[in-house]
Amino acid sequence: MENYTYNSLTLQLEGLKVTKNFKYPVFFLFFISYIVMMIMNVGISVLIFTDKNLHQPMYLLFCNLSVSDIIGCTHILPRLLSDMLRPPSERLISYYECVVQAFTTHMFATTSHTVLMIMAFDRYVAICNPLRYSAIMSNKMLIKLTVSAWGVAFVLVGILLGLTIRLNRCRTLITNPFCDNASLFKLSCESVFINNVYGLTFTVVLLTSSIGSIVLTYTKITVVCLTSKNKSLNSKALKTCSTHLVVYLIMLFSGMIIVMLHRFPQYSDYRKLSAILFVIVPGTLNPIIYGIQSKEIRKLLFEMFWSKKCPSFFCL
């Protein structure tokens, strides 16, 4: 007969199952990935905010993505790394800390979609209405788009977690490397029908809105490019849109893999690894992809590093 502990304020994280031989290699791989991701995202954000030439809507909106990646990885990876060095019995976390981590995890995932949606709108206006771009994408519009991206995510995730914390708990084991909503409501012995319905609705609405907006904007952009004889416009559209699309597809497929693996308990280890990679891979690739694509960022980085390495009499 199973022993139940009702509404315990101390939970245990199952963590990532790694053999002793691979524990330290995996630890250093994740640690290096975390450091690289933080340096790149913080660096590109500071670069955009400090250089006036980069105070353009596209770059300022991209900062939202960097901030989301920083928040997501900082609240998940350090805890995960410390748990990897502990025996399973010592991987304890307070219930309130777990709720905060779950909220942050879902905020990070949701804002990844909402921010890329407003970035798609920015690209649509820039390519389809170039003459009105400055008037439409004003500072006021940027603030509205940013607030809406974070505000919608906050409300949706707040309701999601609110439905979960109302439940009484009779278990204490979190079967995940970190806390998320599904792991939390699985601790309950009560009916979670409402949680499943809202969670499914939340996922469908978010993905439908996200995919729908991307398909709609890119269809219109494609039509404009096909009907336009302006090679410069077509080249610019290809560069900026391909970058945005690659970032979106990486994030979308990473998230969909986790959702699908949740339906197959026998692949729980693969699901855990996918959940960690969802934090690491997009967060690491986003600044690289945008940095390589952006002529302004490449030029600025080149000038910064070249001016430091090159003596003044050689740089003349």
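Helices here are DSSP runs of H or I spanning at least four residues, numbered from the N terminus. With that in place, let me turn to the structure, which is a predicted model.

Helix 1 covers residues 20-50 and includes Val36. Val36 counts as partly exposed because its relative accessibility is 34%. Together with Tyr24, Phe28, Phe31, Ile32, Ile35, Ile39 and Leu85, Val36 forms a nonpolar surface patch, whose combined accessible area is about 730 Å².

I move now to the strands. Strand 1, residues 10-13, pairs in the antiparallel sense with strand 2, residues 92-94, over 3 bridges. Strand 1 also pairs with strand 3, residues 173-174, in the parallel sense and over 2 bridges. Gln12 faces Leu92 in strand 2 and Leu173 in strand 3. The side chains of strand 1 alternate: Leu11 and Leu13 are buried on one face, whereas Thr10 and Gln12 point to the other and are not buried.

Finally, the cysteines. How many disulfides does a search of the whole structure find? The search finds 2. In one, the sulfur atoms of Cys98 and Cys179 are 1.9 Å apart, and the link is left-handed, with -110° about the S-S bond. Cys98 belongs to helix 3 and Cys179 to the loop between strand 3 and helix 6, so this disulfide ties together parts 81 residues apart in sequence.

Cys170 and Cys189 also form a disulfide, with 1.6 Å between their sulfur atoms; this link is right-handed, at 80°. Cys170 is buried, at 2% relative accessibility, while Cys189 is partly exposed, at 41%.

Cys63, by contrast, is in no disulfide: the nearest cysteine sulfur, that of Cys73, is 15 Å away.

Key
Residues numbered from 1 in each chain as written. Predicted model: local features only at pLDDT ≥ 70, side-chain atom pairs only at ≥ 80, totals over all residues. Heavy atoms only, no water. Patch = residues over 30% accessible without salt bridge, like charges linked within 9 Å, V, L, I, M, F, W, Y side chains within 5 Å. Areas by Shrake-Rupley, 256 points an atom, 1.4 Å probe, with all protein chains shown as cover. Salt bridge = Lys/Arg side-chain N within 4 Å of Asp/Glu carboxyl O. Buried < 20%, exposed > 50% of the residue type's maximum accessible area, 1.4 Å probe, protein only. Pairing = 2+ DSSP bridges. Disulfide = S-S within 2.5 Å.
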